[in-house]
Amino acid sequence: MPGDRRRSHAVGTTVGTLLAVVPLVLAGLWGAGHAPRAVDLVSGAAWLVSPARGLVTLVDGPSAQVAVTLRLPVADPTTSVVQGRDAAYVVRAGTLARVDAATWTVGGAVAFADAGTALTVLPGRTTGDLPAPLWVLDGRTVRAVDSRTLEVRATADLPLDEPVRAVVDDRGDVWAADDDHVARVRLAHGGLRVAPERGDGGDLVLVQGRAVLVDVPAGTVRALDGPRTVACRQTRSQADRVAVVGSSTSPEVFTAAYGTLRVAGTHGGTCGTLATVGAEDADLGALAQVGTYVVATDRRTGVTTVVDRSTGTPQTFALAEPGHRVELVVRGSTVFWNDLDGHGSGLLELGDDAWRSTTVDKYDPTTGVGAQVPRTAPTGPDASSAPATFRIDSLVTDRTLYAPGAPALVTPDVTGEPAPGEVWWWRFEDLATGTFEDFRTPTVPLSISALPDVGEYAVTLVVVRDGGTATATTTLRVVTWCPLTVSAPVVDLATDPTVQVSVDPACPVRQQITVTAAGWLQADTSGDFAPGAPGTITLRTVGPPPSPGPVAGALTLEVTGQPASQVRVDVVGVAP
């Protein structure tokens, strides 16, 4: 009815008409769209996560600005981000998702373990004609994964306990350790070869590209590709938490505990105290090394200290609130710092023999809206021209996931009373391409008649009232398939031969599931395997298992035609 059309407008063909008659003042609030640019993740930028906010932010080093902020499907305090060469990887609750630096999109999460298992994720190195894999480890399995599609190339049993420490050396080998064991993993002839190493476990670091085992309680270091163990009594510590980092430029290992930074040489000779980096009760966290400097963080005070290795001279920076965790990412000669529990981040850079800190806010701490680099000089109303006496508490969507072509409704919660002449401006933006459309509606929910293809779309509302401005953003996620969740990552046929497979009840699509079992297994299915309607797989042996214990990936499930959805289940066999 005509009355309905006046209350809402549809994004699609109708928006083209709206754009022809409505002045586009939003350019003054946001600018004119993503400027195409190549972001150098190796030396010039870093993806920084805000776990509790469900945001991941790309900070560009040369400009010291936020290039883009992406919203993750789930806000989880345990979420972490692993930096890659041309991408980053979001690690959460046993799953992995790829963040593409070229398109600025977050791919679907792929499950590699149950939600309670900690994953260790490491970018690999190119060896011969093989592209660099992504390594994914837990305490019992190591996988070489395609770094773009997240498809598993090869898998092997890893006889370690959590937590697993691991590094990739300059030859492309993976070294993994727990408290009691060490193993080397090598990708060869399309498979993985796991070789246990002599001696006990400990912490693993890279020193000039070589894997080095650090036994902090014993005060020893050992290069794993050499026979010699070097003792350094000054680095011995019984502290519950000791920070350890290896040097990329010298044969040295740095440790920090009880407020003191110490150094041990991997060839002997160097051993001693470098500097004080906090009080004796300091809660020392991340360490980083760049050139002749070592960077240490103190969670108790929020202070980060940069120490000149050659002189022992410290320089301090109050980067975060006391109690907040700070992570450090080294890119070339720049150290990116990230307050994991707050909105702050930034860069530590050396200039004129002194370090300086540049702060970059990842998001607005009041509204939670992600920051983004200004796109053009303002040409319309300025969002900061007057303090707002109201706010947009939320933008509520009618679903959490959508199918292509589905309608959507976005309902804002705006505080205060409407004012005569107030204006609501909307932006609908494709986060993959940066293209967007701007339009205006009366003070009512936004109705979208048909969403575009698969992807993530940011919907932003700006309300201008009595000279003040408030903004809020939400994300619409359009999918053609939804992740599968299994009841257990390991099935022991002797105790319970069944696997429950479920799909998020909010999934908007019907999908087919492909079940593949090893030749010595038969898999019988029952149930719908649909959103909110779990299915059951019952396994039985039809031949002898190839090895005792859990056989890695003996059962695989995936949404048909979607390799990124694959879930692997290890199976402990019994006699048929």
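**Exercise 1.** Find how strand 15 and strand 16 pair, and over how many bridges.

*Solution.* Start with strand 15, residues 182-188: strand 15 pairs with strand 16 in the antiparallel sense, over seven bridges. Strands here are DSSP runs (E, at least two residues), numbered from the N terminus, and two strands pair if DSSP finds at least two bridges between them. Next, pick out one bridge: Ala188 has Gly191 of strand 16 as its partner. A word on the model: it is predicted, with local features needing pLDDT of at least 70 and side-chain atom pairs pLDDT 80 or more, while totals for chains, interfaces and linings use all residues. Residues are numbered from 1 along each chain as its sequence is written, and side-chain values use heavy atoms, leaving out hydrogens and water.

**Exercise 2.** Place these strands in their sheet and name the edge strands.

*Solution.* First, the order: 13-14-15-16, an open sheet of four strands with antiparallel pairing. Then look for strands that pair on one side only; these are strand 13 (165-168) and strand 16 (191-197).

**Exercise 3.** Locate the largest nonpolar core and say which strand gives the most to it.

*Solution.* Such a core is a set of buried Ala, Val, Leu, Ile, Met, Phe, Trp, Tyr and Cys residues joined through side-chain atoms within 4.5 Å; buried means under 20% relative accessible area (1.4 Å probe, protein chains only). The largest has 27 residues, and Val501, Leu557 and Val571 have the most contacts inside it. Among the elements giving two or more residues are strand 42 (498-503) and strand 46 (550-559). Strand 46 gives the most, five residues. Finally, another core of 22 residues lies apart, including Val410 and Phe428.

How values were computed. Buried < 20%, exposed > 50% of the residue type's maximum accessible area, 1.4 Å probe, protein only.
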